[in-house]
Every structure is written in C-alpha cells, then in structure tokens.
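Here's a quick briefing on how some helices pack in this one, plus a few residues worth a look. Have the model open while you read.

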Amino acid sequence: MLQIIIIIAAVFLIGWLAAWMLAQKPVTNAQQLIQQHRYADAITAAKDDPLHRAEALKLLGRFDEAIASYRQSNDPAAREGIALSLAHLGRHLDEAKRLMEETIALHPQIMEFQALGLSYIQLKRGERDDALRIYNDNVELLETRFRDDYTDPDPLLAETLVMFAALSDAAGDASRASVLRAKAAQWAPGSVWSGMVSA
C-alpha cells in the first residue's frame with residue numbers, strides 16, 4: 001500500500017513539474033499584446049526585448065525604428081527583419097539582399113518564407129525575372145503553408161502575406177494578390193499591412 005501511495009505521489013509530482021515547466025515557456029507579454037493587436041502597448045512592454053520590440057514597430061510601419069531595435073538583438077531572425085524593413089523602405093537594397101542571403105545560408109528556417117523574402121527584396125531592386133523565378137519555385141509550398149499549417153490569424157505573418165501578394169501581382173495573379181492582402185488586413189488589423197488592402 002505504501003508503494004502505491006509513493007508511486008501516485010511521484011506521478012502527481014512529475015505531472016505538476018511538467019505542467020509548471022510548460023507554463024514557463026517564454027511567451028512574452030509583448031507577444032501576447034501583438035496577438036491582441038495592441039502594437040503600441042507591445043512596443044512599451046518589449047523595452048528589454050529588442051526583437052519583439054522591432055516586430056511591434058514594424059507592424060506600425062515604423063521601419064527605421066524597427067531596424068534600430070533589430071540591430072540591438074543577437075537573434076538570427078533580426079538580420080532577416082533588418083533586410084525586410086530596408087526593402088519596405090526601398091533603401092539600401094544591396095545590404096538587404098546580402099543580409100537575406102546570409103541569413104538563408106547561416107540560419108535556414110522556413111525556407112519557402114525566406115525565399116519569398118529574398119524574392120521580395122529582388123523585386124524591390126528591380127530584378128523582376130530573378131524574383132519571379134524564386135517565387136515560382138516556392139509558390140506551391142507557400143500555398144500549402146497557408147492552407148494547411150498557418151490557418152490561425154497571426155499578426156506576425158501578415159507581412160509574409162503582403163510580400164506573397166506583391167509577388168503574386170508581379171506574376172500576373174491579381175486575384176490571389178487581393179485575397180492575400182485582405183487576409184493580411186484581417187490578421188493584423190490596425191497595422192501598416194491592413195492599409196495595403198486596396199494597394
């Protein structure tokens with residue numbers, strides 16, 4: 001009987017510890033505020049988290065400030081954030097391309113999203129043929145991602161949807177571009193991306 005009590009107590013303790021550890025998963029207050037579409041509040045909450053501060057700034061279209069915040073982060077995603085922010089501004093596009101290519105080579109993540117980012121930068125650089133070649137190589141994977149994997153509205157994916165729309169437009173698919181922009185606006189209301197629905 002004592003052994004059964006010890007086993008039950010051990011199972012309970014292990015379960016409690018597992019639940020406690022999962023509860024400690026680093027979801028920051030800034031992330032929660034972004035998901036609630038409270039981007040300005042997220043900027044304030046992320047004063048000690050330059051990556052999430054930059055993401056919130058970018059959602060408000062404050063790209064120069066986002067770049068400065070990204071530069072304070074050691075996270076590899078920050079380099080990608082700088083590259084895309086430069087592309088949105090239409091400035092230093094050589095640096096943007098270099099940063100994106102380096103990030104893809106050194107820190108591959110969701111390759112079709114990174115390829116989309118690179119093709120977006122190339123489109124901004126006027127390298128339409130190269131941009132469309134990369135886009136066409138990845139368009140089916142992008143469609144699959146948003147059809148099967150990323151179906152829940154996420155403000156942090158609105159930028160990807162906007163870039164997807166820009167490349168769809170360049171590829172001559174205005175209908176897809178319109179749907180993607182509308183989804184971006186729905187996923188990130190009040191953001192810079194929501195203002196691009198009629199673009």
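What follows runs through helix pairs, a covered helix, some loop residues and two side-chain contacts.

Keep in mind that this is a predicted model. Three helix pairs get their own section: α6 with α7, α8 with α10, and α9 with α10. After that comes α4, a helix that is mostly covered, and then residues such as H37, H92, D49 and E159.

**α6 and α7**

- Helix α6 covers residues 76-89 and helix α7 covers residues 93-106; their axes come within 8 Å and cross at roughly 150 degrees.
- With that angle, α6 is roughly antiparallel to α7, because angles over 145 degrees count as roughly antiparallel.
- The α6/α7 crossing is left-handed.
- Sorted by class, the residues in this contact come to 10 nonpolar, one polar and five charged.
- On the α6 side you'll find P76, R79, E80, I82, A83, L84, L86 and A87, and they meet L93, E95, A96, R98, L99, M100, E102 and T103 of α7.

**α8 and α10**

- Helix α8 (residues 111-124) packs on α10 at an angle of about 55 degrees, and the two axes are 10 Å apart.
- That puts α8 oblique to α10.
- Here too the handedness is left: α8 passes α10 in a left-handed crossing.
- There are no charged residues in this contact, which has nine nonpolar and three polar ones.
- From α8, the residues F113, L116, G117, S119, Y120 and L123 meet T160, M163, F164, A166, L167 and A170 in α10.

**α9 and α10**

- Helix α9 spans residues 128-149, and its axis comes within 10 Å of that of α10, with a crossing of roughly 125 degrees.
- So α9 is oblique to α10.
- The crossing of this pair is left-handed.
- The contact residues split into 10 nonpolar, two polar and two charged.
- α9 brings R128, A131, L132, Y135, V139, L142, E143 and F146 to the contact, where they meet T160, L161, F164, L167, S168 and A170 from α10.
- T160, F164, L167 and A170 turn up on the α10 side of the α8 contact and on the α10 side of the α9 contact.

**α4, the covered helix**

- How many of the 10 residues of α4 are buried? Nine of them are, so to speak, under cover, and the helix runs over residues 50-59.
- The buried residues are P50, L51, H52, A54, E55, A56, L57, K58 and L59.
- Those buried residues pack against five helices, namely α2 (29-35), α3 (39-45), α5 (63-70), α6 and α10 (158-170).
- Just past the end of α4, G61 takes a positive phi of about 80 degrees.

**Loop residues with positive phi**

- As background, most residues other than glycine have a negative phi.
- H37 goes the other way: this non-glycine residue has a positive phi of about 65 degrees.
- You'll find H37 in the loop between α2 and α3, where it is partly exposed at a relative accessible area of 34%.
- H92 is another non-glycine residue with a positive phi, in this case near 50 degrees.
- H92 sits in the loop between α6 and α7, and with 54% relative accessibility it counts as exposed.

**D49 and its contact**

- D49 belongs to the loop between α3 and α4.
- Its relative accessible area is 21%, which means D49 is partly exposed.
- The D49 side chain makes a polar contact of 2.5 Å with the side chain of H52, one of the buried residues of α4.
- D49 and S73 are separated by 24 residues in sequence, yet their C-alpha atoms are 7.9 Å apart in space.

**E159 and its contacts**

- E159 lies in helix α10. Is E159 buried or exposed? At 7% relative accessibility, E159 counts as buried.
- The side chains of E159 and H88 are joined by a polar contact of 2.6 Å.
- Leaving out its neighbours within four places in sequence, E159 is in contact with K58, L84, H88 and W193.
- Among those partners, K58 is on the list of buried residues of α4, and L84 is one of the α6 residues that meet α7.

Technical notes. Residues numbered from 1 in each chain as written. Predicted model: local features only at pLDDT ≥ 70, side-chain atom pairs only at ≥ 80, totals over all residues. Heavy atoms only, no water. Axes fitted to C-alpha atoms, helices over the stretch in contact; angles between N-to-C directions. Helix = DSSP H or I, 4+ residues; strand = E, 2+ residues; numbered from the N terminus. Parallel < 35°, antiparallel > 145°, perpendicular 65-115°, else oblique. Left-handed = near helix turned anticlockwise from the far one by under 90°. Contact = heavy atoms within 4.5 Å. Nonpolar A, V, L, I, M, F, W, Y, C, P; charged D, E, K, R; others polar. Buried < 20%, exposed > 50% of the residue type's maximum accessible area, 1.4 Å probe, protein only. Polar contact = N/O pair within 3.5 Å; in protein donor to acceptor, adjacent residues only side chain to side chain.
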